[in-house]
Amino acid sequence: MAGLELKSLRKSYGEVEVIKGVDLSVTHGEFVVFVGPSGCGKSTLLRMIAGLEEITGGDLIIGDKRCNDVEPRDRGIAMVFQSYALYPHMSVYDNVGFGLKLARAPKEVRDQKVREAARILQMEHLLDRKPSQLSGGQRQRVAIGRAIVRQPEVFLFDEPLSNLDAALRVDMRMELSKLHHDLGATMIYVTHDQVEAMTLADKIVVLNAGVVQQVGSPIELYQRPANLFVAGFIGSPKMNFVELSVEEVGTDTVTVSGKDIGPTTVPADPTSLKPGDAVTLGIRPHDLTHQSSGNLVGEVSLVERLGNETNVSLRLPSGAAWLAVLDGDHELRIGQSLPLSFAPARAVIFNASGIALHRKHTGPQIPGSIAEA
Amino acid sequence: MTVLSEAGSAPTHGGRRAIRRSPYPGWFFLPAALIYGVLFLAPTFASLYFSLTRWTLFNSTFIGLDNFAQFFREPFLVQGLVNTVLYAAITSGLKVVLGMLLALLLTSAIMGRGYLRSVVFFPVLVSTVGVGITFTVLMHPTQGMINETLALFGIKGPGWLVDPRLALFSVALVDVWKGVGLATVIYIAGIVAIPKDYYEAARIDGATRWQNFLYVTLPLSRPATATVIILSFIGGLRTFDLIWAMTRGGPGFASDTIASVIYKQYQAGFYGLSTAGNVVLFVLIGILVVPLTMFLNRKQGHE
Amino acid sequence: MKSRPSIFLGIIAILVSALVFLVPFAFIILTAFKNKQQATLLDFSWPDGFHLWSNIVEVVTTRNWMMVTAFINSTILTVASVTLLVVFAAMVGFVLARRKTRWNGLIEFLILAGLMIPPAVVPTIWLLQGIGLFGKLHGLVLIEVAYGLPFSIILYRAFIATIPRELDEAAIIDGARPFDVFFRIILPLLWPVTVTNIVVQSVGVFNDFTNPLYYLPGNANATVQLTLYNFQSQFNTSYNLLFTNILLITIPPLLVFLFFNRHIVAGMTAGAVKG
Ligand SMILES: Nc1ncnc2c1ncn2[C@@H]1O[C@H](COP(=O)(O)OP(=O)(O)OP(=O)(O)O)[C@@H](O)[C@H]1O
Ligand SMILES: [Mg+2]
């Protein structure tokens, strides 16, 4: 039974701080996904948990033990690498059994566990092969098998599917999901891929430049992003933004307007706002509809007709580049002006420092909220 | 703030006591460092001191730079110095040129390529002393096969190893004979590594064979050239075994190099002087090879 | 330009190479077959009779079977020093390639220095005498190790740099201790470069003349190269024996050449290009 607790975890390489105080708690059995742009520190954080990187500051607690200075083998973790990292000179059987051999497990126990893992991953027929005789997907299975036999409390994955082709990626994703369900172990998973994050995670952690931006369930992050960064990062295609100013402040609404959009009243928490403040309004491309009496107008710069939907790139009068995904097929000319509208409840208002001003109830988790709790 | 509390709480967790070991333990250096340090580095440093002494292995008298002064005063020692540089220059020059030519030949579609490569390379692996003795016999002024063959064509062959003006060059030729295979192999590796695209591009531009060589092969095999020059130059400066097997530095001191002088002074019991010879050789290698390396690598950078 | 193999050029090259490179070896072999009188002529003629066997017997038995002792000594020297070289150099190459510290620059400098600087012989002799290793075979083993380390380390380091570090990390997570990581994961993967190292270094040590000359004086534990050198004056007039000797000590490198040609070439060029 091992949850995981990260308390203001820090990592510096010399002068450069790469992980800047991460707080996170993971309960047993959770599937947690780290996402963030390249170089934000996802792998570093994962490797700190694994014990492959020294921890500069803070506490790492696995189960109920502080593990900062514990050897990787004693942390109850297993890790699957992006490049699989199979031992090229060993057969699949020996690859999977290597950890048990090092732990001096009796031969029968080892054999039984290796075969059990092979059965779970349906690779019994591969046991005698060398890694070089396997396909990418099969190698991935072996790498996972190597993790399974250790019966870890926590599985760590660093972009495990990124070397596979698209179709195989979908298959393996489902298998991982099933594996998580069957084993009931805690899993921490690093990925670039939004879809992987959204489909696999119980909880997504969005990182940027070594700082946690938001922690929450996939839908929470999609619907109630904590700030501009998360709003822009989660969801594909990307959320549209436009800069506006506050006209009027209501009790749980705010009326905004600007060059591109006439006065619109949007539900939000307006307590920190006053008329005249600069804000940013965000709206997802799917939430835009084509309506002759729309509240904004853009000039069409590119049209992609997919049949069931139409992707329209637009330029707003202020010069902002937007994208609208319209249902059904629309015949549009480049250069024509296109009136659009959206439901105000779908829009998100961000204050001048980029923090989302959602209405109060079921408050979203914002940075620091865990620490405060 | 968090940093403070972390620093305060760490010792109570007792975590600091178990400093994790690096997976790449420093003691892996130990056996190698011990052997290398004691048997190579220590004597090298000791030589700096002993070169300034009159030394009997049991006691040493400090005599300042006398040994070095002697090195640059005695004509036969000065000749050893000159010979060393000459020998290194000749052998590395010939190895570069011949190695390049052989490599060009042996990378082209030529009959018997595998055989030729083997034959050229094999002498590299043969005992230097054996080669030295064999060529001493072959180069015998009257009975030697080389001069007997020349005599068939009515040419009176020179006294390869007995003519003081020629001895050093004769040994250098044998050195080239034995070592050109290595230069060739390095060049072959360099030439094979040149991407075919360059030749194709050159062909589209209508380059002739000669232009191909001049504008593609030659510049792009520059790293190989640098390696061959540096390697054979250092080798040439250090050469001892071939010279010792063939001429023992003779006739007279005509083919002495610093390395053979070091041995002779050692045999004669002039340990301080012998060690000074060693230091002279370090310095020579330092002042010749370091700039040479830098020069060759600089050229490499700008293409 | 890459049409059919050039036959004309090929024939010329084969003839010239035969003249330049094969005739000396043919001369060695022919002379080894001759008797003393014919060998003294030093010419390139067919042997009058088959005297190779008696020549071999005489070379081997002369001076109290010294040749046999020498072969044993050379074999011990080669096997022992190459074994130590391989293990120690691989260990250094491993840590050097993996761990970046501020010492790396210095270590690399020392390695390059070792490739360039000739050893200081008399101080080395003085030191060997001090620690009781002068004139001892095991002393020479350590000397060969010391002098061969830079080259082997460079070969190993370059190769280890191509082995993904994730392999070490996977092993560490699997519970491997540093010792296991090296001996169970890395060392087996180094096999190709280890073969290269073994081949190149053993040819070098077997053929080494200078170091035995300095550090292993006396006939009791002479190596084959020293023996040949000593025979040079003793067999001054018996060229058949001298060349039989040369022929005998050329056999080991020849065998190595026949079996490991590719490895030697790979090793020499790799090491050379890196160094
Ligand atoms: N050994 C190191 N020394 C200095 N900086 C490093 C080192 N390793 C990583 N970094 C820096 O730490 C930051 C985080 O790296 P990390 O590998 O964790 O990124 P990532 O989020 O996994 O990116 P990616 O998605 O591209 O894998 C990067 O900016 C990287 O440059
Ligand atoms: Mg990463």
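A salt bridge is a side-chain nitrogen of Lys or Arg within 4 Å of a carboxyl oxygen of Asp or Glu. With that in mind, the boundary between chain B and chain C in this predicted model makes a good starting point: the count of salt bridges between the two chains is zero. Polar contacts tell another part of the story, as twelve residue pairs across the interface of chain B and chain C meet that rule, both partners being at pLDDT 80 or more. On the side of chain B that touches chain C, helix α2 (residues 30-50) gives the most, with 14 residues. The residues of that side of chain B divide into 61 nonpolar, 17 polar and six charged.

The extent of this interface can also be put in numbers. In chain B, 84 residues are in contact with 96 residues of chain C. Together the two chains bury about 8,100 Å², and 78% of this area is on carbon and sulfur atoms. Tyr24(B), Phe28(B) and Leu39(B) are the residues of chain B that lose the most area to chain C, together accounting for 10% of what that side buries.

Chain B also holds a helix that is mostly covered. This is α13(B), spanning residues 258-267, where eight of the ten residues are buried. The buried residues begin with a run from Ile258(B) and Ala259(B) through Ser260(B), Val261(B) and Ile262(B) to Tyr263(B), and they also include Gln265(B) and Tyr266(B). After α13(B) comes Gly269(B), which has a positive phi, near 85 degrees.

Attention now turns to chain A. This chain contains nine helices and 20 strands, and its C-alpha trace spans about 75 × 45 × 35 Å along the principal axes. Of the 373 residues in chain A, 53% are buried. Contacts in chain A also link distant parts of the sequence: among those between residues at least 6 apart, 65% join residues at least 24 apart.

Ligand 1 is surrounded by residues of chain A. The stretch Ser38(A), Gly39(A), Cys40(A), Gly41(A), Lys42(A), Ser43(A) and Thr44(A) is among its surroundings, and so are Tyr13(A), Val18(A), Glu159(A) and His192(A). How far is a polar side-chain atom of Ser43(A) from an oxygen atom of ligand 1? The distance is 2.5 Å. Gly41(A) takes part through its backbone, with a polar atom 3.0 Å from an oxygen atom of the ligand. For Tyr13(A), a polar side-chain atom lies 3.3 Å from a nitrogen atom of ligand 1.

How values were computed
Residues are numbered from 1 along each chain as its sequence is written. Chains are lettered from A and ligands numbered from 1 in the order in which they are written. This is a predicted model: local features need pLDDT of at least 70, side-chain atom pairs count only at pLDDT 80 or more; totals for chains, interfaces and linings use all residues. Side-chain values use heavy atoms; hydrogens and water are left out. Contact means heavy atoms within 4.5 Å. Buried area is the accessible area (1.4 Å probe) that two parts lose on being put together, summed over both. A polar contact is a pair of N or O atoms within 3.5 Å; within protein, one must be able to donate a hydrogen and the other to accept it, and residues adjacent in sequence count only if both atoms are side-chain atoms. Helices (H or I, at least four residues) and strands (E, at least two) are DSSP runs, numbered from the N terminus. Ala, Val, Leu, Ile, Met, Phe, Trp, Tyr, Cys and Pro count as nonpolar, Asp, Glu, Lys and Arg as charged, and the others, Gly among them, as polar. Buried means under 20% relative accessible area, exposed over 50%, partly exposed in between (1.4 Å probe, protein chains only). A residue is near a molecule or strand if one of its heavy atoms lies within 4 Å of it.
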